[in-house]
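Please examine the protein below with care. The paragraphs that follow lead through several of its parts, one after another.

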Amino acid sequence: MNVLTVSQVNTYIKALINEVPQIRNIYISGEISNFKHYYKSGHMYFTLKDEKSQLKCVMFAFDNQKIKFEPEDGMKVICFGQIDVYERDGVYQLYVRDMHPKGAGALSVAFEQLKLKLEKEGLFSEENKKPLPPYPKKIGVATSNMGAAVEDIKNILSRRFPLCEVVIVPTVVQGEEAPGDIVRSLKLLDSMEDIDLIIAGRGGGSLEDLWAFNTEEVARAVFECKTPIISAVGHETDYTICDFVADLRAPTPSAAAELAVPDSEAELMRINSLFIAAEKSLERKLETEEQRVDALSNSSPLKNRDAFFESLEKNIESISERMLGAYKNTVIKKESAFRAFAGSLNALSPLAVLSRGYSITTHNSQVIKSASSVKKGDSIKIRFSDGDINAEVTENE
């Protein structure tokens, strides 16, 4: 009996499968399930299934880096690769070297996936859109320095608004290097403090040609710019992720230049129109004020100023007479009251008493109210109505 080990059996089966040419380069369609992407290693593991069967699959990092979309559960795809045996587990599986969405192009799927992702994060929100400056002094342009697009932008900007300075940053806009170069150009222009506006874009092309403007790194660079950005990629029917993130989307590079600056001739005409309108408004205002002054002059008392002042004089004289009469009456009343009050005070005055034959005797400036308050020999003063005399007490009975 020839007994084989498990490893020998798996190795034998692997060798048999490798001898079948039909499964060495094979296309298989199915629906993805159990999808796992290990970002540390970069490898993808999933299962392809249909209504009856399923097949384990693996796609290594160096292969899946080339696909434009992100596989996910439920997605119908066509995988290209090789059937082989994983000897350690004793299972056969498909080693995928390439993958395409079934029924739709890979780029279209990648576009919709990234669009949905960034929209959920708010990168397309109107709240984050910055207003464009009405009169930019300096505009930065991130595009290829060759081709019709850059020439159209320069010509239109110089024709419409010659006062604006244009800074062209030559940028790779197609191919594998394009996304990184676009990001570098945007960061460079955004770091220049005197740049008021940025135009980023290129001329028309296929979806593959425009793909750099559909990458996540370019979209996030546009979103992070502090300077307002106009996206001008391809033709009017072309839409890119950059268009949705930018502050304004222009259908073409030429249209971007039109939107970026005002038409200087139209502005001069508008200013002239405003000046004429202001002049006419001022003339109407002056006419209105003159009419109002005339109306006031005709209806004002100043029209007959002599009569007006005579009336004022009569009023003043009348008021003066009334005030003088009132003053005299007040003085007479106050004088009469004062005399009555003075008479009352005089009746109570000690001098009035003295005039009736009485006298006041004092000792040491103190009024003597009784005989007992002095003694024999004291000097006293006696005051009469017509003068004083000094005396000495000779006897005190």
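With which side chain does the side chain of Arg249 make a polar contact? The partner is the side chain of Tyr239, and the two are joined at 3.2 Å. It should be said at once that this is a predicted model. Arg249 belongs to strand E10, which covers residues 248–249. Besides Tyr239, the side chain of Arg249 also reaches the backbone oxygen of Glu236, here at 2.9 Å. When residues up to four places away in sequence are not counted, Arg249 touches Ser231, His235, Glu236, Asp238, Tyr239, Asp243 and Leu259. Both polar partners, Glu236 and Tyr239, therefore appear in this list of touching residues.The next part to consider is the barrel. Strands of a sheet pair through backbone hydrogen bonds, and the pairing may be parallel or antiparallel. In this model, five strands form a closed barrel in the order E1-E2-E3-E5-E4, with mixed pairing. Neighbouring strands of this sheet are turned against each other by 55° on average, direction ignored. Helix H1, made of residues 6–18, packs on the sheet and touches E4 and strand E5 (91–101). The direction of helix H1 makes about 130° with that of E4.

Strand E1 (residues 26–37) may be followed towards each of two partners. Towards strand E4 (residues 76–86), E1 runs antiparallel, and six bridges join the two. Within this pairing, Gly30 stands opposite Val77, and Glu31 stands opposite Lys76. In a regular strand, side chains alternate between the two faces of the sheet. Towards strand E2 (residues 44–49), E1 pairs over five bridges, again in the antiparallel sense. Here His37 stands opposite Met44. E1 and E2 form a hairpin with six residues between them. Gly42, which lies in the turn, has a positive phi of about 90°.

The cysteines raise a further question: how many disulfides are there? The count comes to zero. For Cys79, the closest cysteine sulfur is that of Cys57, at 5.6 Å, and this is too far for a bond. A disulfide requires two cysteine sulfur atoms within 2.5 Å, so the sulfur of Cys79 does not qualify. Cys164 is likewise in no disulfide, as the nearest cysteine sulfur, that of Cys225, is 17 Å away. Are these two cysteines, Cys79 and Cys164, buried or exposed? Cys79 counts as buried, at 0% relative accessibility, and Cys164 is buried with a relative accessible area of 10%.

Cys164 leads on to Lys138, since Cys164 is among the residues in contact with Lys138. Lys138 lies in strand E6, which spans residues 138–143. Lys138 has a relative accessible area of 13%; because buried means under 20%, this lysine counts as buried. Leaving aside neighbours within four places in sequence, Lys138 is in contact with Cys164, Glu165, Val167, Asp194, Ile195, Asp196 and Leu197. With one of these residues, Asp194, there is a polar contact of 2.5 Å between the side chains. Another of them, Leu197, is 59 residues away from Lys138 along the chain, although the C-alpha atoms of the two are separated by 7.0 Å.

Terms used: Residues are numbered from 1 along each chain as its sequence is written. This is a predicted model: local features need pLDDT of at least 70, side-chain atom pairs count only at pLDDT 80 or more; totals for chains, interfaces and linings use all residues. Side-chain values use heavy atoms; hydrogens and water are left out. Helices (H or I, at least four residues) and strands (E, at least two) are DSSP runs, numbered from the N terminus. Buried means under 20% relative accessible area, exposed over 50%, partly exposed in between (1.4 Å probe, protein chains only). Contact means heavy atoms within 4.5 Å. A polar contact is a pair of N or O atoms within 3.5 Å; within protein, one must be able to donate a hydrogen and the other to accept it, and residues adjacent in sequence count only if both atoms are side-chain atoms. Two strands pair if DSSP finds at least two bridges between them. Axes are lines fitted to C-alpha atoms, for helices over the stretch in contact, and angles run from 0 to 180 degrees between N-to-C directions.
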